[in-house]
Amino acid sequence: MSYGFKGRVLRSSAVLALASALATPVMAEEIFYVSGAVGNAVENFKTLVKPWEEATGNTVTLVPMPASTSDQFGQYRLWLAAGATDIDLYQTDVIWAPQLADHFVDLSEAAKDLAPQHFPSIIQSQTVNGKLVALPIFTDAPALYYRKDLLDKYGVAVPTTWDELTAAAQKIQDGERAAGNADFWGYVWQGNAYEGLTCNALEWIKSFGGGQIVEPDGTISVNNPNAVKALETAKGWVGTISPEGVLAYQEEEARGLWQTGNAAFMRNWPYAYGLGNGDDSAVKGKFAVATLPKGTADDTSAATLGGWNVAVSKYSKHQDIAISLALYLAGPEAQKQRAIAETNLPTIVALYDDADIAAAAPIIPQWKEVFLNAVPRPSAPTLGKYNEVSSKFWSAVHETLSGNGSAADNLEVLESDLTELKGSAW
Amino acid sequence: MTSANTAGSTGNGLSLHQQRQKAAFWFLAPMLAALFCVAAWPLMRTVWFSLTDTSLNDLYGGKWIGFDNYLSVRTLASGKVIYRGTLVDPAWWNAVWNTVRFSVVSVLCETVLGLMVALVLNAEFRGRGFVRAAILIPWAIPTIVSAKMWAWMLNDQYGIINDMALRLGLITDKVAWTANSDTAMYAVLMVDIWKTTPFMALLCLAGLQMVPRDIYEAAKIDGIHPVKVFFRITLPLIRPALMVAVIFRMLDALRVFDLIYVLTPNSKATKTMSVISRENLIDFDKFAYGSAQSTLLFVILAVFVLLYIWLGRVDLSGDGGK
């Protein structure tokens, strides 16, 4: 636990390095960019930054991290607390801004021309006390992936409520298993006890009209009959239309089952669209996406707002170069490339009307509708305590899904835990 | 420099024993300095942090708050008394219980299995050297790698364990080993036992090879049953080596982290003391609280070792024998 000691050493060496950098003329630098590795992001990164590398003469090295956002956060927090100079840019989750704001450079001045081109709500989510902590590079909102061919085969319509989804998934699963595929499942999603379960469960609860765990004004709303109903519905899937192992699945495990053709429905982020249509995919051309189902016909669909941003470390030795890279990655050129190669949703409004994107990834203009239904996680009202709130929430949900206690009991305990955590104010 | 001076001028005034002690000190000094930097200093820092309200965003801004991270008692205006802190945190005690359960079961299984393996390896047979080397492979693989490997093998849909068990007819449905809170602990135990049995076997084997062969020959001539030989001769003679092996393993098991962090990171059924303190230290904004848990972990380990040494009369001095 000697981070403090290490931090002091690192910081003083950062000062020295900065001084020497100022003394010598500008030369080509190697910039380190750290990001979680999901799908084909690592392979695509080289192509993505090439134009910037050629224009500036600098090189970028990607430091890949585990796909789990919770794992990334832990590591980044350590590096930043120690004032590590090794990493210049961090790819940050949409929920991290309030927790890591102190360690990043304020980008509002550098991005004063670029920022207004983005969706204002996303820029807002990355602004903490007037400081623009990170620039959005793509946004994320999950959707329901469904197998067109199987829906046609069994004469099922695209489900709009969770009950319809349950019935359709069961019907297709029974049919496919009878046809000889014993490993076929109706619906796969992310049930591991981690941030992704918070996203999934927030969608169930919100789409049943059960609020969003902690409301924007800070009220804890999670313990209500609609939320109980939502969790009971989801619990009914485990072991019936979803494998029991779904309680250990993250995005990539769900995609693995889906992309090998062993699932009828999947809840996942847009990145799975491009990969599902890859040449090595068993479901290529056989699937489409829709907005996630809702509780009853009167409710509205909900999709958790995800998305990734780029932040410049305060401890970087090459801040100016790093800022230039951040502006490039958040700019129209890089976002367009990402949209086409990785089906990542742009955060620049104008790109939704771009003809090239519409031709290469026809899904993206359609996704605008999903995105408009997006619900933010309660990271803004809960500030520095968000991770603990999320952890308590996903634990309560995971317990419920595993059959340890009823939804009503677990949510009641959760409410009291959150109230205690909140104290007098978040 | 001082050592050279004193050795030169007063060398004759010191007895040989004193001179050797002096030399030994200077040989040990670099190691003591290194130990102070990497063990004692961080430990002291952690204890200090646990008595403050430090957060990871500002490591130098913590204020002294006494023992509130461990236990604080507040009396409300209504007269109701509330207890807060690690010592009354059910999540912490759940982790303590998990750790103890994990340690006892894994070390017990590893000791028994390790001893069995060692007895086999102690016998003379062709290719013994090769088998001895081969059996060490699980121990040689870094834990992160073996944990990830097992995570894939234990995967419910494409894992090889489920596939084999299904084909053999041991199970009828695929089991979600790491997802199900009933089987998560078994999965973790299985991997740990697989990984560390070779270590125990090696230490037991070292003990076995110290046992003089002629005792066995005498027992054989007297016609003693092999089981009796094992319990009356082998076990008592390798007990000192076995006790040291168990203490090493126990210390390792009580602070288990990497295996569980990779296999079942957030499952309440397997969260150990190390896992929960890391969670508070880094994931949550509770650096000081996590430091308090780390300190408690250290205290628990220290108490355990003292108890073990006292109860087992383990001789760690290196003089051998009793």
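I take the radius of gyration over C-alpha atoms, with a globule rule of 2.2 Å times the number of residues to the power 0.38. For the 426 residues of chain A, I find 22 Å, which agrees with the value near 22 Å for a compact globule.

I note that this is a predicted model, in which local features need pLDDT of at least 70, side-chain atom pairs count only at pLDDT 80 or more, and totals for chains, interfaces and linings use all residues. Residues are numbered from 1 along each chain as its sequence is written, while chains are lettered from A and ligands numbered from 1 in the order in which they are written.

**Overall dimensions.** I recorded a box of roughly 75 × 50 × 35 Å along the principal axes for the C-alpha atoms of chain A. Buried residues (20 or more other C-beta atoms within 10 Å of their own, C-beta atoms being placed from the backbone) form 54% of the 426 residues in chain A.

**Secondary structure.** I counted 18 helices and 13 strands in chain A, as DSSP runs (helices H or I, at least four residues; strands E, at least two) numbered from the N terminus.

**Sheet.** I looked up an open sheet of 5 strands in chain A, ordered E2-E1-E3-E12-E6 with mixed pairing; strands pair if DSSP finds at least two bridges between them. Its edge strands are E2 (59-65) and E6 (135-140) of chain A, each pairing on one side only. Strand E3 (residues 89-93) and strand E12 (residues 306-312) of chain A pair in the antiparallel sense over 5 bridges. I found A:Ala311 of E12(A) to be the bridge partner of A:Tyr90.

Conventions:
A residue is buried if 20 or more other C-beta atoms lie within 10 Å of its own, exposed if 12 or fewer, and partly exposed in between; C-beta atoms are placed from the backbone.
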